[in-house]
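Work through the exercises below with the sequence and the model open. Each task is followed by a solution in steps.

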Amino acid sequence: MGKVDAGWRYNERTRLPRRANVLRSELELGLAVKKTHIKTELPGPKARELLARDALVDSPSYPRDYPFVMSHGKGAEVWDVDGNRFLDFAAGIAVCSTGHSHPAVVQAIKDAADRFIHISSDYWHEGQVRLAERMNELSPLGVPAMSFFAQSGTESVEAALKLARYVTGRGRFIGFLGGFHGRTMGSLAFTSSKYTQQKGFFPAMPGVTHAPYPNNYRPLFAGADQGQAVLRYIEEVLFVHNVPAGEVAAILVEPIQGEGGYLVPPDGFLSGLRELCDRHGILLIFDEVQSGIGRTGKMFAAQHWGVAPDIMTLAKGLGSGMPIGMMVAKRSIMQKWARGAHGNTYGGNPLCCAAALATLDLVERQYCANAAKVGDYFMKKLRVLAQKYSVVGEIRGKGLMIGMELVTDQASRTPAKKLCDALITRAFHHRLILLSCGQSTVRFMPPLLIGEADVDEAVGLLEGALKEAMAGEHLAVRGAAAG
Ligand SMILES: Cc1ncc(COP(=O)(O)O)c(C=O)c1O
């Protein structure tokens with residue numbers, strides 16, 4: 001059995017949501033309209049109407065898992081158009097770092113909009129310069145930095161790739177299996193977390209070779225330290241056999257792998273990459289689009305290991321929901337770009353810069369430390385679940401970037417993909433918004449302002465959803481405690 005309520009999906013012929021199936025599965029499970037904050041069946045009548053309109057006019061390529069139709073949000077709470085209230089532990093894919101509509105961010109956007117909405121990156125304005133100064137002060141690279149402004153993660157990555165080729169005069173790159181860096185042709189060449197993101201688009205940008213991302217839970221190489229093994233693979237296999245180090249412009253890596261499964265690399269891996277890059281004149285690019293801006297309890301995830309890249313990409317949490325990306329590079333590198341070498345129309349949009357400045361204030365003052373503290377509490381609570389249910393294979397992460405990998409059982413570690421899908425949809429019916437990553441990992445990326453009470457509520461809802469998903473997968477008795 002697949003997703004419990006896969007019936008909400010579109011009818012292939014009419015392109016309208018299949019309501020009859022939804023109602024049937026709801027009623028069979030006795031779930032309809034009985035939870036405190038759920039006022040209608042899900043999706044409710046207004047949501048259904050919108051889904052029907054959407055099916056006719058919006059691209060079907062969006063990878064939507066369940067029918068949440070947003071009305072409004074505040075902090076870590078969101079409401080759908082039918083008045084149902086949910087706890088949001090996905091934050092718009094790790095974007096709403098300061099929660100939904102934080103008053104300070106909203107005010108900053110309003111103030112900026114009152115002044116002007118756009119002037120283009122051909123001119124100057126205070127917000128853009130201030131944000132670049134601010135980034136330089138945060139010292140993500142350990143040396144003076146310059147910034148290029150974009151609207152998204154993928155555009156920041158494209159800028160990083162172009163800069164790396166431009167300044168090194170080299171054409172090739174190394175990326176990592178399971179990595180996610182975006183969906184435009186350059187970043188897509190690195191993205192390899194799910195084949196569906198690639199299918200039908202070959203060839204993307206040429207010149208990218210993938211190495212495995214080190215994973216001590218699922219080791220590919222012999223030896224206890226998969227990080228060192230991967231470094232040896234790059235040096236002794238790739239560099240020797242088909243990717244000469246002298247042709248490599250840069251290595252692009254997520255300091256904590258996001259879409260690929262919320263994988264935390266072993267200690268020594270990032271510093272090993274740094275050392276390897278330095279030895280071969282290769283630039284090191286850290287993609288902190290998902291892990292940056294306080295998400296992991298440090299401003300930048302790589303700071304957990306004290307390693308600084310040459311170039312860093314940022315987006316998501318930076319603008320609290322406003323579309324902004326930044327490619328930050330050592331000044332000594334970025335200043336090599338000639339006038340006109342790279343640019344865009346919307347870079348440094350004043351509303352986005354204002355939102356980012358307000359976000360950085362909040363994250364620096366409170367939310368980064370909060371993510372570290374509440375994240376520790378959250379991980380402890382999830383580890384209790386891992387002791388209770390044999391389908392919880394591993395809890396991993398830093399701060400509020402946490403993954404819970406589901407397996408058919410802890411001994412075999414076989415990824416429990418169907419269970420994971422079922423859990424995500426059951427969680428929605430328990431009014432908890434979640435997303436998955438990797439093959440069978442639930443990812444938790446709530447707004448950075450949540451407190452322990454929110455974690456308690458979320459873990460309670462999660463456990464209820466897990467039990468139902470296990471029952472649906474006939475996994476309830478496998479040595480797992482009932483309670
Ligand atoms: C690490 C990383 N890089 C890049 C991207 C692409 O960002 P965007 O979807 O804004 O283009 C993502 C998106 O999930 C990401 O997680």
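**Exercise 1. Contacts of a core residue**

Task: Find which residues Ala250 touches, not counting residues up to four places away in sequence, and place Ala250 in the largest nonpolar core.

Solution: The model is a predicted one. Leaving out residues up to four places away in sequence, Ala250 touches Ala164, Phe173, Ile282, Leu283, Leu284 and Ile285. Next, consider the core: the largest nonpolar core has 134 residues, and Ala250 is listed with Leu423 and Leu432 as having the most contacts inside it. Helix α11 gives the largest share of this core, 16 residues. Both domain 1 (2-101 + 366-482) and domain 2 (125-348) supply at least three residues each to this core. As background, nonpolar side chains tend to be buried together in soluble globular proteins.

**Exercise 2. Length and burial of α6**

Task: Compare the expected span of helix α6 (residues 153-168) with the distance between its end C-alpha atoms, then decide from the burial of its residues how far α6 is enclosed.

Solution: Start with the span. Helix α6 has 16 residues, and at 1.5 Å a residue these should span 22 Å. The expected span is 1.5 Å times one less than the number of residues. The end C-alpha atoms of α6 are 23 Å apart, which agrees.

Then take burial, for which a residue needs 20 or more other C-beta atoms within 10 Å of its own. Twelve of the 16 residues of α6 are buried, so α6 is largely enclosed by the rest of the structure. Among the buried residues are Glu155 and Glu158, along with Val157, Leu161, Leu163, Ala164 and Val167. Just after α6, Gly169 has a positive phi of about 70°.

**Exercise 3. A kinked helix**

Task: Check the span of α8 (residues 226-241), locate its kink and state what its buried residues pack against.

Solution: At 1.5 Å a residue, the 16 residues of α8 should span 22 Å, and the 21 Å between its end C-alpha atoms agrees with this. Helix α8 nevertheless has a kink of about 30°, centred on Tyr233. The buried residues in α8 are Gln226, Gly227, Val230, Leu231 and Ile234. The packing partners of these buried residues are β5 (172-176), β6 (208-211) and α9 (269-280).

**Exercise 4. The two domains and their contact**

Task: Describe how the chain is divided into domains and what makes up the side of domain 1 that touches domain 2.

Solution: Domain 1 consists of 2-101 + 366-482, and domain 2 of 125-348. Their C-alpha centres are 29 Å apart. In the contact between them, 29 residues of domain 1 meet 24 residues of domain 2. On the domain 1 side, at least two residues come from each of α3 (91-94), α11 (350-388), β11 (392-398), β12 (401-406) and β15 (441-444). Of these, α11 supplies the largest share, five residues. By class, the domain 1 side has 14 nonpolar, nine polar and six charged residues.

**Exercise 5. Backbone exceptions**

Task: Locate the cis peptide bonds at Pro43 and Pro203, then the positive phi values of Ala94 and Tyr262, and judge whether these last two residues are buried or exposed.

Solution: First, the peptide bond from Leu42 to Pro43 is cis, with omega near -10°. Pro43 sits in the loop between α1 (19-28) and α2 (45-57). Second, Phe202 and Pro203 are joined by a cis peptide bond with omega of about -5°. Pro203 belongs to the loop between α7 (185-188) and β6.

Third, Ala94 has a positive phi of about 60° although it is not a glycine. Ala94 lies in helix α3, and Ala94 is buried, with 26 other C-beta atoms within 10 Å. Fourth, Tyr262, also not a glycine, has a positive phi near 50°. Its place is the loop between β7 (248-253) and α9. Tyr262 has 28 C-beta neighbours inside 10 Å, so Tyr262 counts as buried.

**Exercise 6. Surroundings of Leu131**

Task: Determine whether Leu131 is buried or exposed, and which residues Leu131 touches, not counting residues up to four places away in sequence.

Solution: Leu131 is in helix α5 (residues 126-138). Leu131 has 23 C-beta neighbours inside 10 Å and therefore counts as buried. With residues up to four places away in sequence left out, Leu131 touches Cys353, Ala356 and Leu357. By contrast, the C-alpha atoms of Leu131 and Gly44, 87 residues apart along the chain, are separated by 42 Å.

Key. Residues are numbered from 1 along each chain as its sequence is written. This is a predicted model: local features need pLDDT of at least 70, side-chain atom pairs count only at pLDDT 80 or more; totals for chains, interfaces and linings use all residues. Helices (H or I, at least four residues) and strands (E, at least two) are DSSP runs, numbered from the N terminus. The bend at a residue is the angle between axes fitted to the seven residues ending there and the seven starting there. Two residues are in contact if their C-beta atoms, placed from the backbone, lie within 7 Å. Domain bounds come from an automatic or database domain assignment. Ala, Val, Leu, Ile, Met, Phe, Trp, Tyr, Cys and Pro count as nonpolar, Asp, Glu, Lys and Arg as charged, and the others, Gly among them, as polar. A nonpolar core is a set of buried Ala, Val, Leu, Ile, Met, Phe, Trp, Tyr and Cys residues joined through C-beta atoms within 7 Å.
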